Amino acid sequence: MINDQKTWQEIPLYKVVQSRSGDKGDAVDISVFSPNREIHEALRSELTTERVKQHFGDYVKGSVTRYEIPNLLAFKYICKDALGGGGSGSLRSDNLGKSMSANLLRMKVKLPLEAASTSILYNKPQGEIL
Amino acid sequence: MKSVKVACGQGFYGDSLRPSLRALEVGGIDYLCFDALAELTLAILAKDRAKNPEFGYTKDLPDMMLQLLPQAKKNGTVIITNGGGLNPACAAKAIVELAKANGIEGVRVAYVEGDDVLDSLNQWQSDGVDLSDYDSGAEFTALKDSPIFANVYLGADSICAALKFNPDIVVTGRTTDTAAYLAPIQSALGFASDDWDKAATAIAVGHLLECGGQGAGGNFSGDWWNVENLHDIGYPTAEIFEDGRVIISKPEGTGGRISRDVLKEQLLYEIHDPSCYITPDVIVDLTDVDLVDIGENQVELKGVKGNPAPPSLKLIMGLPGGWMSSGQIAFSWPYALEKAERTAEILKKRMQTEGINYDDLEIEYVGVNSIGGPTAPRPDEDSVNEVVLRATIACQQQGDAVAFRKLFPPLYINTYPFVGGLRNMLHMGSLLNQWSCLVPRTLMDGCVSANVVES
């Protein structure tokens, strides 16, 4: 896979992709959007259901399924048994799973550096104090 | 070419009214659609109705409608809301009466009833309808407690029937969030209810709009720091043309952002299998969906496909899930995290001494791992300025929930130094278990009706 001339590097996902997560019962639904096709294709082999499940550890007790929405350069991960009982029964602070995206975005993934660095998130300016 | 313009007015019970007022101020909207019902909301409304049979609708509904009615009537904008909750008839009456008391006459409110099936459950069960929970597989007969509420998700046909009264406002109970959009689009453009691609496109429009700010630059994970004027965010609007073309936008001059990058996050939000997003009206296939930036704050939605409506409807029940009780205590640097962790151990021993019975205990360190869980790395102790220990139990008896909260105030002086944030640190409430099943659509034949109240 990685036999081209490009530089590949371990990069945290929050610097490259968009993501939104939410709940449905006790399942968490996480979408991941790549800034370009090259990153999307890299994620196909890097951001597998196995790696996602492993990353979440105890937080995701059930299965992880992946779907693809090609025109939007998106993968969607459905994580079962992942909210400590689901929205209205969960004791967690994040009972609706809205921060599960942030938790996924911590993951470091091997990506082609040049394609990753074109993401607007890669070059976020230093925060200003308003 | 014929077209219809719909806008989002509310994304949830408790949402701001300002975006609706701004949408009406800017004008050009045919239908303003509100979603007020999350799963838990019906449990709250059931308690209201138990106290007074005239209640059971979202309490803020009459006053919200009063504030919107003058401009909506002037513009000819029809409002559609599911805020009728468990009592759409009384909600409709309350809106008309409050408007009249404030000098607004000639108000017509249509309402939809029939989704509340709590009283039919026993009959259905003895008729052999399968009411087992589709998530757990548990049998309905095994229920310890009777449900707090039981509602069937109704689709757009019920709202279309209400729109025939030519109302100012349509109030429903548990209709789907997206039906509030499909119904007016279908009524206005007149396509057949089995034109599955057009119906699916209208549902996708509803899905993009129904969460309000989340579809206009709120909660945006792209370049969020560049989204302007979120204090005056405009909720999304959509213009749907007779030939199926759809343009998503927002009221001119409002804050937030409409773009492909913003909308793609909302389009896939909470839909699970994108090839099979099931609604009572149509099964939506988003496999080939696309969003195209066509101008500033203007995006075209393309490629939505539809498959025939499913033979069954979703029935949701709320079951009493016992109690939750939660307490917090904030520790300051130095050694904030270590102190919080030691205090959690003290709390556990105190629970044992007091004999508190509980089903589940969740210990979180706010500022360290309360939303990151096991994915959040442990910080260097010296970098932790402060940390809040949050401990929560689930229990069956109210007495245990009360006993748990009583353990907290003494911890503020009996444990470790430099605590803060001691006001409003206790929370107690009831928990809800959801029960979902699929029932044959034909069970609802003749049960759903639309009526009207007017002044």
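The following exchange concerns selected features of chains A and B in a predicted model.

Modeller: In this predicted model, local features need pLDDT of at least 70, and side-chain atom pairs count only at pLDDT 80 or more, while totals for chains, interfaces and linings use all residues. Residues are numbered from 1 along each chain as its sequence is written.

Colleague: What makes chain A as compact as a globular protein of its length?

Modeller: The globule rule is 2.2 Å times the number of residues to the power 0.38, and the radius of gyration is taken over C-alpha atoms. For 130 residues the rule gives 14 Å, and the radius of gyration of chain A is 16 Å, close to that value, so chain A is as compact as a globular protein of that length.

Colleague: Why is D81(A) called partly exposed?

Modeller: Buried means under 20% relative accessible area and exposed over 50%, with partly exposed in between (1.4 Å probe, protein chains only). D81(A) has 39% relative accessibility, so it counts as partly exposed. Phi of D81(A) is near 50 degrees, a positive value in a residue other than glycine.

Colleague: Why is N166(B) called exposed?

Modeller: The relative accessible area of N166(B) is 60%, so this residue is exposed. N166(B) is not a glycine, yet its phi is positive, about 55 degrees.

Colleague: What makes the peptide bond between W333(B) and P334(B) notable in its omega?

Modeller: Omega is about 0 degrees, and the bond that joins W333(B) and P334(B) is cis.

Methods: Chains are lettered from A and ligands numbered from 1 in the order in which they are written. Side-chain values use heavy atoms; hydrogens and water are left out.
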